[in-house]
Amino acid sequence: MSLKRFSGLLIVALFAVILLSACGDEAGSDEEGPIKIGVLASLSGPLEAYGVQTQQGFELGIEYATDGTMEFDGREIEVVFADTETQSDVARQRALELLDDEGVDFLVGSSDSGDTLSVIGLAEEYETIMVVEPAVADSITGSEFNPYIFRTGRNSSQDAVAGAAAIAEEGVTIATFAPDYAFGWDGVEAFTNAAEELGAEVVLEEFVDPDATDFTPNIQRVIEHDPDYMFVIWAGANSPWNQIADMNLQERGIQISTGAPDIAALSTMGELVGMEGFTVYYHDLPDNEVNDWLVEEMVERHDTVPDLFTPGGMSAALAIMEALEQSDGSTDANELIDIMEGMSFESPKGTMTFRPEDHQALQSLYAITLEEREGYDYPVPTLIRELSPDETEPPILNERE
């Protein structure tokens, strides 16, 4: 071999070594750079209050899990919040920006089920773990399930099962009252199944135009069926509570039962003192160290107690941090799926566990009654008993093999 040819081969070999070394350094820098989490939330629009609660809870969750360092194993935890404006097309665009421009390792969100359903397919396309919080549509972990989705928020069926557990028993008659769209349909179907299993009879399923301002005809149909309970499934500001009170259902022997909502909505439910139902969360119901810390920090930093969706934001953060702990910091989604299926983690509501079959977090809810309490300008959810994760376990609705 000529010296000239040998020299040429040596140069090529050296170039290859340098190139491989550079590639290795680049790959290593990804593992040493920040861990980026993109959080989709309604930070404006009709669900702004829910989005803000999620944001506050998520920030505190990262802080709690990292003892205030906002780092994992020396790597910064960088959280990027994106406002969906409670519009599905905007939510999808914001998610694409988080994935393409920000290069996030995880997605979280969103406040609205429609927003969330527009995004979950991207999690699978980009092979990125998405923690769903607080959207409740059953289809997210049901018909639209994909393996990159894990939900810390409860779903409609969990709400309904908890609602049934609070009031249903042999011989009880119940009418349901719910908005005429997926949220209401899912909730009523799950509630009816759970209530009938407990021996109750559902005598009417009344579905209502969610944009209605006059609920009188719907409430009148309930009165005509004369049930023991009217179980109400509702969300949003356009609520039926004042008209329900005006039509004196409780004086007619029809008890009202529902999920106790956020504090703003509780302020409209003064006529329902004595009602028995359930709640997802009220700040003084859980008895654990995580919740104690959350309440203390919310009061100190925001001069308010955590509300309905604050603990959910914190739970989503704690789930991600637990997954990172078990993966030794790997953000590879396919590796994380194996870790997170069946994974348990602590939250402000106690221990949650991702069910392997559909990645729905099994969790406690609370049977409550609304009571007047001195110093409060709304009826306060007061604990009857904690409903365990086993009691509130919803049906598996996906078709995963």
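Visitor: What percentage of the 401 residues in the protein is buried?

Guide: Buried residues make up 53% of them. A residue goes into that group if its relative accessible area is under 20%. Keep in mind that this is a predicted model.

Visitor: How many helices and strands are there?

Guide: The protein has 13 helices and 16 strands. The C-alpha atoms fill a box of roughly 105 × 45 × 35 Å, taken along the principal axes.

Visitor: Which strands form the open sheet of seven, and in what order?

Guide: The order is β8-β7-β9-β10-β11-β15-β16, with mixed pairing. From one strand to the next, the twist averages 25 degrees.

Visitor: What makes β8 and β16 edge strands?

Guide: Each of them, β8 at 201-208 and β16 at 380-387, pairs on one side only.

Visitor: Why do β7 and β9 count as paired?

Guide: Two strands pair if there are at least two bridges between them. Strand β7 (residues 173-179) and strand β9 (residues 229-232) are joined by four bridges, so they pass. These two strands run parallel. As for residues, Thr176 has Phe231 in β9 as its bridge partner.

Visitor: Which helix packs on this sheet?

Guide: Helix α6, residues 156-167, does so. Among the strands that α6 touches are β7, β9, β10 (255-260) and β11 (276-279). The direction of α6 makes about 150 degrees with that of β11.

Visitor: Why are α6 and α7 called oblique to each other?

Guide: An angle under 35 degrees would count as roughly parallel, and 65 to 115 as roughly perpendicular. Helices α6 and α7 (residues 182-197) pack at about 40 degrees. That value falls in neither range and is not over 145, so the two helices are oblique. Their axes are 8 Å apart, and the crossing is right-handed.

Visitor: Which residues of α6 and α7 make the contact?

Guide: From α6 they include Ala160, Val161, Gly163 and Ile167, and from α7 they include Phe183, Asp186, Ala190 and Phe191. The residues of this contact divide into nine nonpolar, four polar and one charged.

Visitor: What is the order of the open sheet of three strands?

Guide: The order is β12-β13-β14, and the pairing is antiparallel. Strands β12 (344-347) and β14 (361-362) are at the edges, since each pairs on one side only.

Visitor: Why do β13 and β14 count as paired?

Guide: At least two bridges are needed. Strand β13 (residues 350-354) and β14 are joined by two bridges, so they meet the cut-off. Thr353 stands opposite Leu362 in β14. Between β12 and β13 there are four bridges, and a hairpin joins these strands through two residues. Phe345 has Met352 in β13 as its bridge partner.

Visitor: Which side chains of β12 are buried, and which are not?

Guide: The side chains alternate along the strand: Phe345 and Ser347 point to one face and are buried, while Ser344 and Glu346 point to the other and are not. Helix α12 (residues 310-326) lies across β12 and β13, at about 140 degrees to β12.

Visitor: Why is Arg373 called partly exposed?

Guide: The relative accessibility of Arg373 is 29%. Buried needs under 20% and exposed over 50%, so Arg373 lies in between. Arg373 is in the loop between β15 and β16. Leaving aside neighbours within four places in sequence, Arg373 is in contact with Asp284, Val380, Pro381 and Thr382.

Visitor: What makes the phi of Asp303 worth noting?

Guide: Most residues other than glycine have a negative phi. The phi of Asp303 is positive, near 55 degrees. Asp303 lies in the loop between α11 (289-302) and α12. With a relative accessible area of 70%, over the 50% cut-off, Asp303 counts as exposed. Glu85 also has a positive phi, near 60 degrees. Glu85 has a relative accessible area of 28%, between the 20% and 50% cut-offs, so Glu85 is partly exposed.

Visitor: Which peptide bonds are cis?

Guide: Most peptide bonds are trans. The bond from Gly109 to Ser110 is cis, with omega near 0 degrees. Glu133 and Pro134 are also joined by a cis bond, with omega about 0 degrees. Ser110 is in the loop between β4 (106-108) and α4 (113-117), and Pro134 is in the loop between β5 (129-132) and β6 (149-151).

Note on methods. Residues are numbered from 1 along each chain as its sequence is written. This is a predicted model: local features need pLDDT of at least 70, side-chain atom pairs count only at pLDDT 80 or more; totals for chains, interfaces and linings use all residues. Side-chain values use heavy atoms; hydrogens and water are left out. Axes are lines fitted to C-alpha atoms, for helices over the stretch in contact, and angles run from 0 to 180 degrees between N-to-C directions. Contact means heavy atoms within 4.5 Å. A crossing is left-handed if the near helix is turned anticlockwise from the far one by less than a right angle, and right-handed if clockwise. Ala, Val, Leu, Ile, Met, Phe, Trp, Tyr, Cys and Pro count as nonpolar, Asp, Glu, Lys and Arg as charged, and the others, Gly among them, as polar. Buried means under 20% relative accessible area, exposed over 50%, partly exposed in between (1.4 Å probe, protein chains only).
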